[in-house]
Amino acid sequence: MKLKTLEMKLQRLAGFTRPRASLEQYQTPATLAARLLYDALMSGDIGGKRVCDLGSGTGMLAIGASLLGAESVVGVEIDEKATEVAKENSMLLAADVEFIVADVKDEALSARIGPCDTVVMNPPFGAQKAHADRPFIDLALSIAPVTYGIFNSGSTPFVQAYTNGRAEITGIVSGTFPIRRTFSFHTRDVQEIGVEILRLKRILP
Ligand code: SAH
């Protein structure tokens, strides 16, 4: 499938019905999601692989991974309502994704998900709760050797420091994330924020 085709398909997905600010629920724009997934595909991290989307929301990354030929895909999301939308989205595009409603901080979760080849995620950036992305990074490194994550631009040194000795950053792609006016504290109709897609490769102890 071409990048443009993937993008067009993902554009059809429904977003959060009632987004929750505390969970930093922002659907990844289709163009950015397609970019992350396509890079991952080209690096051999999607085709025939078991892929896990942490904080799968309405399913954007998980569904895209399935469409690109992942062998199996599991999405993990704390919000049941968002997961209902994700399931409908998955049916809409005839994707094959298993969704688990759970908190990434749940210690029994990694056993439930089982080992994966690749994690894709757009974790909370920590705008509402500092370091909200850390349990995502920890779980990702515990279940998969390779992780693609979307972070605020400028986060690279912090992610590198946090994963120190556990992972190396082997790819950085810059992009933009248009955030539409969603919550009362938003002051503009659309605000573009800079993001970085990081590829983390686990270092075995
Ligand atoms: N992956 C989706 C959503 C990104 S927004 C997309 O790319 O469009 C971040 C998601 O993480 C939200 O859906 C939010 O509900 C979820 N989330 C936040 N904290 C979580 C936690 N502790 N455990 C699981 N999911 C969580």
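Lys4 and Met8 are exposed on one side of α1. Keep in mind that this is a predicted model. Turn to the other side of the helix and the picture flips: Leu6, Glu7 and Leu10 are the buried residues of α1. These three cover an arc of only 100 degrees around the axis, which puts them on the same side of α1. There's a simple bit of helix geometry to recall here: an α-helix has 3.6 residues a turn, so residues three or four places apart point the same way.

What sits over that buried side? The cover for the buried residues of α1 includes α2 and α3.

Two of those α1 residues turn up again in the core. Leu6 and Leu10 are among the residues with the most contacts inside the largest nonpolar core, along with Leu36, Leu37, Ile46 and Ile63. That core has 35 residues. At least two residues of it come from each of α1 (3-10), α2 (30-42), α3 (60-67), β5 (146-152), β6 (167-180) and β7 (190-202). Which element gives the largest share of this core? That's α2, with eight residues.

Leu36 is a handy residue to click on in the viewer. Once you set aside its neighbours within four places in sequence, Leu36 is in contact with Leu61, Val120, Tyr148, Ile150 and Ile197. There's also a second, separate core of 25 residues, and Cys52, Ile113, Leu198 and Leu200 belong to it. As a general backdrop, nonpolar side chains in soluble globular proteins tend to be buried together.

Here are the two cores side by side.

| Core | Residues in core | Some members |
|---|---|---|
| Largest nonpolar core | 35 residues | including Leu6, Leu10, Leu36 |
| Second, separate core | 25 residues | including Cys52, Ile113, Leu198 |

Now zoom out to the whole protein chain. It holds seven helices and seven strands, and from the N terminus on they run α-α-β-α-β-α-β-α-β-α-β-α-β-β. The radius of gyration is 15 Å, close to the 17 Å that the globule rule gives for 205 residues, so the chain is as compact as a globular protein of that length. Along the principal axes, the C-alpha atoms fill a box of roughly 45 × 35 × 35 Å.

How much of the chain is buried? Buried residues make up 50% of the 205. Among contacts with a separation of 6 or more, 70% are between residues 24 or more positions apart. As for the outside, the accessible surface of the protein chain comes to about 9900 Å², and carbon and sulfur atoms account for 51% of that.

Notes. Residues are numbered from 1 along each chain as its sequence is written. This is a predicted model: local features need pLDDT of at least 70, side-chain atom pairs count only at pLDDT 80 or more; totals for chains, interfaces and linings use all residues. Side-chain values use heavy atoms; hydrogens and water are left out. A nonpolar core is a set of buried Ala, Val, Leu, Ile, Met, Phe, Trp, Tyr and Cys residues joined through side-chain atoms within 4.5 Å. Buried means under 20% relative accessible area, exposed over 50%, partly exposed in between (1.4 Å probe, protein chains only). Helices (H or I, at least four residues) and strands (E, at least two) are DSSP runs, numbered from the N terminus. Contact means heavy atoms within 4.5 Å. The arc is that of the directions from the helix axis to the C-beta atoms. The radius of gyration is taken over C-alpha atoms; the globule rule is 2.2 Å times the number of residues to the power 0.38. Accessible areas come from the Shrake-Rupley method with a 1.4 Å probe; for residues, only the protein chains shown count as cover.
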